[in-house]
Amino acid sequence: MNPKPKNSRSDDSSALSTELLETPRLEMTSDAVLQDMLHYFCHTFGQRVMHEDRPFLYKSVALAARDRMMERWRRTSVSVERNDQRQVSYLSLEYLLGRLLRNALLNLDIEDEASEALERLGLTLEDIAESEHDAGLGNGGLGRLAACFLDSCATLALPVVAYGIRYQYGMFRQQIEDGYQVEAPDSWLREGFPWEIERMDLAQTIHFGGHTESYKDSRGNTRYRWIDTHDVLAIPFDVPVPGYRNDVVNTLRLWSAAATDAFDLEEFNAGSYVDAVAAKNAAENITMVLYPNAETENGQELRLRQQYFLASASLQDMLRQWVRRHGRDFSTFAEKRCVQLNDTHPAIAVPELMRLLIDEHGLSWEDAWVITRSTMAYTNHTLLPEALEMWSVDMFRSLLPRLLDIIFEINARFIQEISTRWPGDTARINRMSIIQEGPTQMVRMAYLAIAGSFSVNGVAELHSQLLTQGLFRDFAELWPDKFNNKTNGVTQRRWLAACNPTLASLITEKIGDGWITDLDQLAKLAPFADDDVFGQRWRNVKLGNKKRLSAEIERRTGLRLDNNMLFDVQVKRMHEYKRQLLNVLHAIHLYDKIQRGDGADLVPRAIIIGGKAAPGYFMAKTVIKLINNVANVINSDPAMEGKLALLFYPDYNVSAMELICPAAELSEQISTAGKEASGTGNMKFMMNGALTIGTLDGANVEIREAVGEENFFLFGLTVEEIAAAGDNYDPDAIIAADEDFSRVMSLLENGHFNRFEPRVLDPVIASIRASDDQWFTAADFRGFVDAQNWVGEAYRDSAAWTRMSILNTAASGRFSTDRTMRDYNDDIWRLDPVKPGDD
């Protein structure tokens, strides 16, 4: 039998206690911040010399800030509990938090006080902030979006508790060796994480393996229990999420895995030292690494373990809190709780909530299903069918047998619902079934999420339209009212106020600081687009940011950029559909023109590409190799000096984006139409005054609509044109008909960029000519080159370019996550704001 998880100390209480200990509020002055910082530096960390211990200084400042969040954090949670407010639990496998210090100080309104305190010690906040490691608990846009959501929810005072995994090693550190990506562990916790608080008293027990058996309960009903399991502890670490100057602090709860019995003394005494800690090692593997390589069976199993670990721990925590206040009366659970699934990864929460309600709390199937379908909401973030996770039934049976039983029952009832609506439509049943039949039965996790949720949303207007007309068309026909759109956004507090302080200051000088919480107010900048004096100041800010980025690029790569060049930027996760390859083809085209003496009319350009490829993604890693090889040729050619530079920015992360984004002048958003769900990098660049070159894909459609087609460089096939191409797509004919393209391919195929590495780039080169290339790289080459010529013409007129830049920033108001969160709340969550001062 399974050992029963120990109840937390707070669960032993028969009544909810919300009494706050009365402690004086900490002062927010520079004197008080300095005093607290010195206390931690000397008495907690035992340090004495100020200038030689930057990590300890950073942690001392962080703890002083955390103390000031702590009292607001407690009051926020107490207010929610006392008022029995409806709450949202946000489940995400990724949170790309980046550094937290500057954002915390900004939101607490003590950035100036902290800076002054450090200056009195002969230090600067900028230097101290550099000591913080990025919390890289995410892979790309999905994780960064989740982090932006948290900031906006706290700023809007929405009672949202976020749940994730505390990976010991986050997104890997990317090193470039001979042009190749090499992954190194991201030991982000090696010097501690001062923002977190371990909550061992709230640990949960997670089951794996074993088997199920039936039994009769006291009323004679058949019940099931999951027995002989291998159990793991989920230990929560809480991270405060401060709202912007509103005294609200929400919670990000990150789960870490540990063994129920960390050490077997009997094995150790017998000399089996490895076996003595085997359980500990096996348990900790679950939260060791963000996204194990799923190319292997072991990697797939670990990925499923992670997803279930997150879902089970989080739902148990939710139910613990519910029972503590309401007992086992779940009649109003769906009225008071909502679970938002951030993409398909946490979809296993659907059967897990059923299991907990039925097996642990004694509800009937019917009652549990009503609660589950009224509680779960699902956000889809992809149009790529291969990204809609499926796990084998055999793996489920071995790892999560009780969950598989429930999934089969959900599917049987779901198929009955389909059959009632469309009698005899076997083809439709096969298309919609949660279980995909075949040589290996698979569980379709996205379908499970749809069947078990009351809301399903896409993340851009085009994305949501394509979901209901294509990928999920059958489901939209069955439940048309379930589907909706919530266009993504970014938080302006990090992505303008914090990362671009000189531009933020200029904006505030002209229109006030209301834009920090109401980004629509940036529209007030539009009248200044034709103001020559303001335009010059705008250009000076951009030039200063370009100089900062250039200095960092030289430090990292040794490459010195001319700051008068157009900074042409594409930084994002490496993937074929994002078409970094198309960008390199344009770089080769420019190189060829200059080499032939035909580049006199070209605008000097620095092309900056950055991003990480998944460790098992061969083609994406080969594209990185191509970029670096082409860059080596271009940057070592004296004929290119001052005219063209190409670089791959190594180890791209949130902190790098905070430096790159303010400096970018051209934002490359060039994904194949119909493949990008939304994108958020496009919004960050727009907000900071970069102009976009892009396809009609994802949120590009809405960005172009907001800023006007004259301020957006459009190119590329549309979704409809790609669909019409079908089997008639002929890249060879396209290349042959285009002299520029033929010259680019000749350079590639003749080994100009890999003279001493024969055939190393062949897979990428072959993909361009492949008639089944689903990314349509060749088809969009000419349109991309023509659009880039348009870019060059526009950049020559600095006043006109500045005008377009200002208008882009002015039109970015709708792309704040504050708006996104209001949309979620109005249509899905229906939360009342927290009022932490209400006792």
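A residue counts as buried when its relative accessible area is under 20%. By that cut-off, Tyr729 is buried, and Phe776 is buried too. The model described here is predicted.

## Aromatic pairs

The whole structure holds 27 aromatic pairs. One of them joins Phe149 and Tyr824. Their ring centres lie 5.6 Å apart and their planes meet at 65°, so the pair is edge-to-face. Phe149 sits in helix α6 (residues 141–155) and Tyr824 in helix α34 (residues 817–829), so the pair ties together parts that are 675 residues apart in sequence. Phe149 and Tyr824 are both buried.

Tyr729 and Phe776 form a tilted pair, with 4.6 Å centre to centre and 40° between the planes. Tyr729 belongs to the loop between α28 (719–725) and α29 (731–736). Phe776 belongs to the loop between α31 (762–769) and α32 (781–796). The two residues are 47 apart, and their pair links distant parts of the chain.

Rings also gather in a cluster. Ring pairs link Phe414, Tyr447, Phe472, Phe475 and Trp479.

## A six-stranded sheet

One open sheet has six strands in the order β22-β21-β20-β23-β24-β25, and the pairing is parallel. Its edge strands are β22 and β25 (713–714), and each pairs on one side only. Within the sheet, β20 (residues 566–571) and β23 (residues 666–669) run parallel and share two bridges. Val569 has Ser667 in β23 as its bridge partner.

Helices pack on this sheet. Helix α33 (residues 798–810) touches β20, β23, β24 (691–694) and β25. The direction of α33 makes about 85° with that of β24. Helix α25 lies across β20 and β22, and runs at about 140° to β20.

## Other strands

A further open sheet has three strands in the order β15-β17-β16, with antiparallel pairing. β15 (390–392) and β16 (435–436) each have a single partner strand, so one side of each is left without a neighbour in the sheet. β15 and β17 (residues 442–444) are joined by three bridges. Here Ser392 stands opposite Met442 in β17.

Which residues of strand β14 (residues 376–379) lie on one side, and which on the other? Met376 and Tyr378 lie on one side, with Ala377 and Thr379 on the other. These residues are all buried, and both faces of the strand are covered. In a regular strand, side chains alternate between the two faces of the sheet.

β14 has parallel partners. Strand β13 (residues 337–342) is joined to β14 by four bridges, and Asn342 stands opposite Thr379. Strand β18 (residues 455–458) is joined to β14 by three bridges, and Ala377 stands opposite Ser455.

## Helix α2 and the positive phi angles

Why does the length of helix α2 (residues 54–82) agree with expectation? At 1.5 Å a residue, its 29 residues should span 42 Å, and its end C-alpha atoms are 42 Å apart, so the two values agree. The helix does have a kink of about 25°, centred on Met69.

Most residues other than glycine have a negative phi. The table lists residues with a positive phi.

| Residue | Phi | Place |
|---|---|---|
| Asp84 | about 50° | just after α2 |
| Asp228 | about 55° | loop between β10 (222–227) and β11 (230–242) |
| Asp651 | about 60° | loop between β22 (644–649) and α25 (654–663) |

Are Asp228 and Asp651 buried or exposed? Asp228 is partly exposed, with a relative accessible area of 42%. Asp651 has a relative accessible area of 17%, so Asp651 is buried.

## Around Asn488

Asn488 lies in the loop between β19 (483–485) and α20 (492–498). Its relative accessible area is 4%, so Asn488 is buried. What does Asn488 contact, leaving aside its neighbours within four places in sequence? Its contacts include Leu145, Phe149, His381 and Val459. Also among them are Ser678, Thr680, Met683, Phe815, Arg819 and Thr820. Phe149 has appeared before, as the buried ring in α6 that pairs with Tyr824.

Pro385 is 103 residues from Asn488 along the chain. The C-alpha atoms of Asn488 and Pro385 are separated by 21 Å.

Key:
Residues are numbered from 1 along each chain as its sequence is written. This is a predicted model: local features need pLDDT of at least 70, side-chain atom pairs count only at pLDDT 80 or more; totals for chains, interfaces and linings use all residues. Side-chain values use heavy atoms; hydrogens and water are left out. Buried means under 20% relative accessible area, exposed over 50%, partly exposed in between (1.4 Å probe, protein chains only). Two strands pair if DSSP finds at least two bridges between them. Contact means heavy atoms within 4.5 Å. Axes are lines fitted to C-alpha atoms, for helices over the stretch in contact, and angles run from 0 to 180 degrees between N-to-C directions. The expected span of a helix is 1.5 Å times one less than its number of residues. The bend at a residue is the angle between axes fitted to the seven residues ending there and the seven starting there. Rings of Phe, Tyr and Trp (its six-membered ring) pair if their centres lie within 6.5 Å; planes under 30 degrees apart count as stacked, over 60 as edge-to-face and the rest as tilted.
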